[in-house]
Amino acid sequence: MKAKILIAMLSLALAGTSSNALAGPGHDHGDEGPLQASGNGPRRLPDGSVFLPKPAQRQIGVLTQVTKAGELPRSIALAGRVVMDPNAGGRVQAMLAGRLEAGPKGLPSVGQAVKKGDVLAYVLPSAGQIERSNQLAQLAELQSARALAQKRAERLQALADTVPRKDIEAAESELASLGARMAALNAGLSNRDVLAAPVSGVLASSSAVAGQVVDARELIFEIVDPQRLHVEALAYDAELAGDVAGASLAAGDRRVPLSFIGAARSLREQALPLRFAVDDGAAPALTVGQPVEVIVQTRSTQYGVSVPAASVLKSPANQSIVWVKTAPERFEPRTVTVAPLDGANVAVTSGLAAGERVATRAATLINQIR
C-alpha cells in the first residue's frame with residue numbers, strides 16, 4: 001500500500017515538471033527556461049517576481065494579452081446614481097387621505113409587470129365623525145326637499161292646461177337640481193379614489209398593505225421601465241458639460257455605454273448635474289437608486305496603454321501594479337500610473353510599454369502568491 005502511494009506521488013511530481021505542457025489561451029509558446037526544471041511549485045522569488053508553473057497557470061485560469069499603445073481619450077470619473085426616465089416611469093400617490101383597499105386583482109407585488117391604466121388599489125376617503133354627520137344631515141334635507149319638489153312638479157303637471165308653462169319648467173329644473181346635489185353628496189360619502197398605473201412597466205417599489213391608512217400625496221407605488229433608465233452624475237467642473245465626447249460605466253465585467261442628454265443650468269450642492277441615457281439592451285443590469293461610477297470621456301487625448309481594470313492591483317506599498325509575463329513561467333510586477341478610460345478598462349500612462357504581455361485574468365491570485 002505504501003509503495004502504491006509513493007508511486008502516485010512520484011507520478012504527480014513528474015507531471016508537474018513536465019517540459020511538454022501545452023500553453024492555454026492567452027499564453028505564449030516560448031521555450032521554457034531553467035526555472036521550470038526546478039520542479040518547485042508556485043512561489044515568490046527574491047526579486048519580487050513570481051514563479052508559476054504551466055499546470056498551475058491552467059488550474060487558476062491565467063490569461064494574458066499583448067499591450068498596444070496609442071492615443072486614448074482623457075477621461076474623468078464622476079459619482080452618479082441610476083434614476084428613472086421621466087417619460088417611462090411614474091409614481092402613484094394618494095389624492096385623498098383614507099384607507100387602502102385591494103384592486104380587482106389584489107395588491108400588486110414588487111417586480112410585477114403592470115400596464116398603463118391597470119387599477120392597483122383603491123383609497124376609501126376618511127372623514128371625521130362631525131363632518132360625516134353634517135354630510136348625512138345635509139343629505140336628509142336634500143331628500144326631503146326633493147320629495148316636496150317632486151310632488152309640486154306632479155301637481156303642476158296635472159294642471160298643465162291652467163298653469164303657465166314656465167312654472168312647470170321651473171319645478172322640473174328644481175327637481176333635477178336637487179337630484180344632482182344628492183348624487184354628488186352620495187358620491188362624496190361612498191366614492192373611492194382609484195390608484196391606476198400611469199405607465200407600463202415593472203413595479204419598482206410598493207408600500208401598500210390592505211387596510212393601511214394613508215395621507216394625501218403619500219407615495220404608494222413606483223413604476224419603472226427597466227429598458228429605459230437614466231444616470232445622473234455630479235460634475236464639480238462646470239466646463240466639463242461642454243467637453244463631453246462619450247460616457248460609460250462598468251456593470252460587473254461589462255461596459256455599459258451611455259448617451260449624453262444634457263447638463264442642468266443650476267448647481268446642486270455646488271455641483272452641476274449631468275444626465276445620461278442608458279443605451280437599449282444594457283439597462284436590465286441596473287436598478288433605480290443604484291450608485292455608479294460614470295466615466296466621462298472628453299475630446300482631449302493622452303498617450304497610454306489600455307488594459308482591463310481587473311489587471312491593476314495594489315502592492316503592499318499601496319502602489320498600483322500590473323503583472324507582466326516575462327517568461328513562460330515567470331511574472332514580474334510593474335508599478336504603473338493609471339487613469340480612468342471607459343469603466344471596464346483603464347489607461348496606463350507610465351510604467352508599461354507596448355508589446356508587453358499583461359495578466360488579464362487571475363491577476364489577483366498571482367498577487368497573493370508568497
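In E20, which residue is the bridge partner of Val322? In this predicted model, that partner turns out to be Arg334. The pair belongs to a stretch where E19 and strand E20 (residues 330-335) run antiparallel and share six bridges. Getting from E19 to E20 takes a hairpin with two residues in the link. Strand E19 itself, spanning residues 320-327, is mostly covered, with six of its eight residues buried.

On its other pairing, E19 meets strand E18 (residues 313-314), again antiparallel, but here through two bridges. One of the matches can be named: Lys314 has Ser320 of E19 as its bridge partner. The hairpin of E18 and E19 has five residues between the strands, and in it Asn318 adopts a positive phi near 65°. As a bit of background, most residues other than glycine have a negative phi.

Arg334 comes up again once the side chains are brought in. Its side chain makes a polar contact with the side chain of Glu356, at 2.5 Å. Glu356 sits in the loop between strand E22 (345-350) and strand E23 (357-361). Is Glu356 buried or exposed? It counts as buried, because its relative accessible area is 17%, which falls under the 20% cut-off. The Glu356 side chain also reaches the backbone nitrogen of Ala353, at 3.0 Å. Leaving aside residues up to four places away in sequence, Glu356 touches Gln65, Val66, Thr67, Val324 and Arg334. Of these, Val324 lies within the residue range of E19, and Arg334 within that of E20. So a loop residue with 17% relative accessible area, and therefore buried, has contacts with both members of the E19-E20 pair.

A rather different loop picture comes from the stretch between strand E15 (254-263) and strand E16 (272-278), where Glu269 is found. Glu269 has a positive phi of about 55° although it is not a glycine. Gln270 lies in that loop between E15 and E16 too, and its phi is near 65°, again a positive value in a residue other than glycine. How do these two fare for accessibility? Glu269 is exposed, since its relative accessible area is 66%, and Gln270 counts as exposed because its relative accessibility is 65%.

Turning to another part of the fold, four strands form an open sheet in the order E5-E12-E10-E7, with antiparallel pairing. Strand E5 (90-93) and E7 stand at the edges with a single partner strand each, so one side of each is left without a neighbour in the sheet. Working across from E5, that strand pairs with E12 over four antiparallel bridges, and Val92 stands opposite Phe221 in E12. Strand E12 (residues 219-224) is mostly covered, with five of its six residues buried. Next along, E10 and E12 are antiparallel and pair over four bridges; here Ser205 has Glu222 of E12 as its bridge partner. At the E7 edge, two bridges join E7 to strand E10 (residues 201-206), once more antiparallel, and Ala113 finds its bridge partner in Val202 of E10. In a regular strand the side chains alternate between the two faces of the sheet.

E7 also has a part in the second largest pocket, which has a volume of about 150 Å³. Strand E7 (113-114) and strand E8 (119-125) are the elements that give two or more residues to its lining. Residues lining this pocket include Ala113 and Val114, together with Val119 and Leu120. Also in the lining are Pro104, Lys105, Gly106, Leu107, Pro108, Gln112 and Asp118. By class, the lining has seven nonpolar, two polar and two charged residues. Ala113 thus appears twice, as the bridge partner of Val202 in the sheet and as a lining residue of the second largest pocket.

Stepping back to the whole chain, the protein has five helices and 23 strands. Buried residues make up 37% of its 370 residues. Among contacts with a separation of 6 or more, 74% come from residues 24 or more positions apart. The contacts of Glu356 with Gln65, Val66 and Thr67 give a concrete case of such pairing across the sequence.

Key. Residues numbered from 1 in each chain as written. Predicted model: local features only at pLDDT ≥ 70, side-chain atom pairs only at ≥ 80, totals over all residues. Heavy atoms only, no water. Buried < 20%, exposed > 50% of the residue type's maximum accessible area, 1.4 Å probe, protein only. Polar contact = N/O pair within 3.5 Å; in protein donor to acceptor, adjacent residues only side chain to side chain. Contact = heavy atoms within 4.5 Å. Pairing = 2+ DSSP bridges. 1 Å grid on protein atoms, 1.4 Å probe; cavity = no way out; pocket = protein on both sides within 12 Å on 5 of 7 lines; lining within 4 Å. Points joined across faces, edges and corners; volume = space filled by probe spheres on them. Nonpolar A, V, L, I, M, F, W, Y, C, P; charged D, E, K, R; others polar.
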